[in-house]
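Student: I am new to this structure and would like a close look at one part of it. Please take a single strand and describe what surrounds it.

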Amino acid sequence: MRMSRRSLLAAGTAAAALTPLPAEAAARPASPGTRLRTGFERLAGDGYALLGGKRVGMVTNPTGVTHDVRHVVDVMHADARVDLTAVFGPEHGFRGTAQAGGSEGRYDDPVTGLPVYDTYLKSGQALADIFTASGVDTVVFDIQDVGARFYTYIWTLYDCMEAARLAGKRFVVLDRPNPVTGRSAQGPVLHKEFATFVGRQPIAQAHGMTVAELARLFNGEFLAAPVELDTVLMSGWRRDRFYDASGLPWVPPSPNMPTPDTALVYSGTCLFEGTNLSEGRGTTRPFELLGAEGLDGRWAAAAGEPGLPGVHFREAYFAPTFSKFQGKTIGGVQIHVHDRAAFEPVRTGIALLVTAKKVWSGFAWRSDNWIDKLTGSTLVRTMIDAGAGTDEVVAAWQDELEAFRRVRKHYLIYK
């Protein structure tokens with residue numbers, strides 16, 4: 001990935017230009033015991049000065065909550081210091097009533113009376129027209145991400161930034177932690193010809209960034225022209241911290257992301273959406289349970305052979321209540337991460353694909369080659385089909401990953 005014409009300027013000035021609150025310490029390492037404050041908390045603590053005199057629209061979902069689990073929309077709506085006039089809901093909806101691949105449509109929120117607009121699968125001028133029709137001056141984004149390229153909320157962020165630019169609206173991102181840390185980027189990088197809503201732009205499969213850092217990256221590298229962007233940073237967060245160190249309540253960002261443990265494995269095991277195996281949807285451990293009819297303990301044994309760091313595999317049997325193999329008892333594995341710092345989710349996901357194909361004659365990719373959209377190219381599918389092992393597949397994307405890492409480092413905020 002090459003640096004864009006805006007990268008060098010962004011690298012030198014973004015911290016000043018994109019940190020509106022006078023607390024640059026937010027980007028410095030937190031001292032032990034420091035309580036994390038989200039972007040929203042810092043915005044509210046400053047009396048919403050950044051939004052003064054503006055008609056505000058919030059892009060958010062059930063994860064937009066305070067430490068005491070009040071929703072930020074409800075908090076802002078009750079505060080005379082901010083003029084909140086609209087809400088924009090992503091996939092699963094503003095209040096989270098829709099399953100995967102669904103949204104709530106246009107309605108008036110019964111709690112606040114605010115108009116709620118649907119952004120799901122809308123982009124470009126069509127989304128810009130929604131922002132214009134809503135009458136807002138400033139669009140504010142506050143959604144918890146999980147750190148994987150194919151989790152759609154970061155592309156809602158991207159689409160809304162581009163739409164705000166087209167509509168002449170200002171855009172504000174309220175930062176939240178990357179729940180699986182921001183230590184490094186891992187996995188293959190998307191090729192542009194495979195761009196979809198599970199990957200609009202060439203970033204790594206596990207990007208290792210917060211939403212504010214991604215917003216800076218999008219603005220500096222990928223938007224047709226920069227949007228007027230402000231970010232409100234967290235204080236008290238370090239790149240090596242997992243979500244349970246944040247002190248924040250975990251609100252499932254989507255119905256099949258019930259715990260931070262799910263997020264930990266998701267950037268690797270979501271690849272099973274591109275196969276005929278169950279990725280655990282319809283169980284209490286989605287993305288940690290994987291399986292199919294005809295699989296047994298041989299898979300857990302084979303998966304354990306490569307000596308993958310930080311993880312054990314248990315032979316498991318389960319009956320999904322919906323999605324693949326609904327109501328059928330199937331065999332497979334449960335992933336048990338015993339050392340989060342050593343665990344490599346993307347490598348683990350590849351190893352599980354390689355070994356599943358090896359031990360189960362029924363293994364097949366989804367007929368639409370959805371795996372290529374998830375991994376970002378044909379590389380993973382074609383190499384595994386050709387008999388490549390885990391190390392060979394992982395080695396094949398390293399040059400592109402290193403190029404992305406070089407770009408990424410210019411947009412990182414926190415230590």
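**Strand 5 and its surroundings**

Tutor: A pairing in the sheet serves as a starting point: Gly89 stands opposite Asp118 in strand 4. The model is a predicted one. Gly89's strand, strand 2 (residues 83-89), pairs with strand 4 (residues 115-118) in the parallel sense, over 3 bridges. Both belong to an open sheet of 7 strands with mixed pairing, and the order across the sheet is 3-4-2-1-5-6-9. Strand 3 (107-108) and strand 9 (229-232) are at the edges; each has a single partner strand, so one side of each is left without a neighbour in the sheet.

The part to look at closely is strand 5, which comes between strands 1 and 6 in that order. On one side, strand 1 (residues 55-60) runs parallel to strand 5 and is joined to it by 5 bridges. In this pairing, Gly57 is found opposite Val139 of strand 5. On the other side, strand 6 (residues 170-174) also pairs with strand 5 in the parallel sense, over 4 bridges. Here Thr138 is set opposite Arg170 of strand 6.

Next come the side chains. Thr138, Val140 and Asp142 point one way from strand 5, while Val139 and Phe141 point the other way. Residues on both sides are buried. A residue counts as buried at under 20% relative accessible area. Because 5 of the 5 residues of strand 5 (residues 138-142) meet this description, the strand is largely enclosed by the rest of the structure.

The chain also links strand 5 to strand 6 through a helix. Together, strand 5, helix 5 (residues 153-167) and strand 6 make a right-handed β-α-β unit.

Helix 5 has a helical partner of its own. Two packed helices are described by the angle between their axes and the distance between the axes. The axes of helix 5 and helix 6 (residues 211-222) come within 10 Å of each other and cross at roughly 45 degrees. The two helices are therefore oblique to each other. The crossing of helix 5 past helix 6 is right-handed. From helix 5, the contact is made by Ile154, Trp155, Leu157, Tyr158 and Met161. Helix 6 contributes Val211, Leu214, Ala215, Phe218, Asn219 and Phe222.

A residue elsewhere gives a contrast with the buried strand. Lys415 lies in the segment after helix 13 (398-408). Its relative accessibility is 61%, so Lys415 counts as exposed.

Technical notes:
Residues are numbered from 1 along each chain as its sequence is written. This is a predicted model: local features need pLDDT of at least 70, side-chain atom pairs count only at pLDDT 80 or more; totals for chains, interfaces and linings use all residues. Side-chain values use heavy atoms; hydrogens and water are left out. Buried means under 20% relative accessible area, exposed over 50%, partly exposed in between (1.4 Å probe, protein chains only). Two strands pair if DSSP finds at least two bridges between them. A crossover is right-handed if, with the strands pointing away from the viewer, the path from the first strand over the helix to the second runs clockwise. Axes are lines fitted to C-alpha atoms, for helices over the stretch in contact, and angles run from 0 to 180 degrees between N-to-C directions. Angles under 35 degrees count as roughly parallel, over 145 as roughly antiparallel, 65 to 115 as roughly perpendicular and the rest as oblique. A crossing is left-handed if the near helix is turned anticlockwise from the far one by less than a right angle, and right-handed if clockwise. Contact means heavy atoms within 4.5 Å.
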